[in-house]
Each structure stands twice: as C-alpha cells, then as structure tokens.
Amino acid sequence: MLDYLKGEEDACCILRRDDGIAYPPIYARQFFYPDGLPELDRIAVERCTGRVLDIGAGAGSHSLAIQDRGLEVTSIDISAKAVKVMSQRGCRDARVGDVFDSYSAPFDTVLVILNIGIVQNLDGLARFFKQLGTLMTDKGQLITDSIDPRNSEDQSYRKYTQDKIAKGRYLGERTLRFEYKDQASDWFEWMHIDAETLGQYVAQAGYSMKHLGSDGKRYLVSIAKD
C-alpha cells in the first residue's frame, strides 16, 4: 500500500494457502477504492454511529468515509506501515493495534469490515465476543461481514475445507501467508464463517444479530446486546 501511494499503481501481493494454492493477485489499489466503496461497504459506513473503532482498518478507506460523516473514528491495524498509509491519507486517529486490545473508553460502534475472520478461528471468535462488552457501550453495536465457506464452487477450496473437517476443525478456517516481491509473511490463521454458525456464537455470548445485506458473496450483519 505504501508503494501504491508512492506511485506504483500495479503493486500487488499474493495470498497463499498452506496447501500451496495461491489466490489471484491482490492489487493494493483495491484497498483504496478508486471507484468508491461498494454498496455493502457503504451500508456499513452509514450504519456507524457515535464513536467508532475500525479494527483492521488497512488503508483507512472506511475510516475516511466515516470521518466524512462527521464521526470520530479510531483506526487500528497490526501493521505499522498500514497505519502510516492511513495517517498520510488523513485518518485523524490511526494506531497500531490488535483485535484483542483494550481501550480507555468504550465505543458506540465497532467495525470489522472485510471479514470477522481476523479473530483467526472459532475459539478466537468466542474470545472476541467475551471482550466485545469492554469495547462497546451498553447500547453499542458491532458491524461486520463474512463469506459463507460452504458456497465455493472452486474444487481445490472444497477439498481444502473437507481436509479441515477431517482434522476436527471448522471448514472455514484457513492457514495463509502473504507474499510480496521478495518477502513472505509468517503463516497466520484466518476464517470465513457462515451466518448460521456466527449466529450461534452471537447467541451464546448474549448478543443478537441482524442481517443488513448481501452482495451474493459477502453478507453484512450488526451485532448488539439483547
């Protein structure tokens, strides 16, 4: 993303699974949304109220759209370079931070857009919901999205999910790494989760979930205290 800001318009990275399969290149420009936010993302931004915590904010595009609505937003990412990108683009409160960090005051909206999978796995999801009460005000909301891993028609991915099930893991869990130029990240865990399973974890944590929309691939929900 920094290279893109410096003028390298075709800067891209590769996302690789631990079975060796690489996804199509991910171009940095897609995180800057040169044609504007997609409809589902616009819905997420419009639903934000009060003080907002944008978790995994990346290039800061959603945070900037929230700022444009006149709201106060804290934008966090585990990457210091992503935080540098956000700051250069005008995010007023961009910080290095993790999904499991604590804050001095709760937020009215917690935004985790482009996948709740940042929690890594189902155990991480349960842990996140336990912490959510400290992140949100009593009338606060979590706005997040995911992809149903059962809907993929890609045969290699379907085999990958079946291998996860055979190992006693949730079918949407993935082990991945990023590759960029001559660099490769450490392997990390990520998760796509179907709405039914997400709803079960929401209910177990004492929250309620409302469906906000779908684009045929991603679905968007809001989660709040009962």
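## Two positive phi values in one loop

Let's start with Q120, which lies in the loop between β6 and α5. This is a predicted model, and in it the phi of Q120 is near 90°, a positive value in a residue other than glycine. Most residues other than glycine have a negative phi, which makes this a nice spot to look at in your viewer. How accessible is Q120? Its relative accessibility is 38%, so Q120 counts as partly exposed.

L114 is placed in the loop between β6 (107–112) and α5 (122–135) as well. Its phi is near 70°, again positive although L114 is not a glycine. With 34% relative accessibility, L114 is partly exposed, because that class runs between the buried limit of 20% and the exposed limit of 50%.

## The two faces of β1

Now over to strand β1, residues 12–17, where the side chains alternate. Which side chains of β1 are buried? C13, L15 and R17 point to one face and are buried. C12, I14 and R16 point to the other face and are not buried.

## The partners of β1

Strand β1 pairs with β2 (residues 26–27) in the antiparallel sense, over 2 bridges. Here C13, from the buried face of β1, has I26 of β2 as its bridge partner.

Strand β8 (residues 173–180) also runs antiparallel to β1, and 4 bridges join the two. Where does R16 find its bridge partner? In β8, at R177. The side chain of R16, you may recall, belongs to the face of β1 that is not buried.

Technical notes. Residues numbered from 1 in each chain as written. Predicted model: local features only at pLDDT ≥ 70, side-chain atom pairs only at ≥ 80, totals over all residues. Heavy atoms only, no water. Buried < 20%, exposed > 50% of the residue type's maximum accessible area, 1.4 Å probe, protein only. Pairing = 2+ DSSP bridges.
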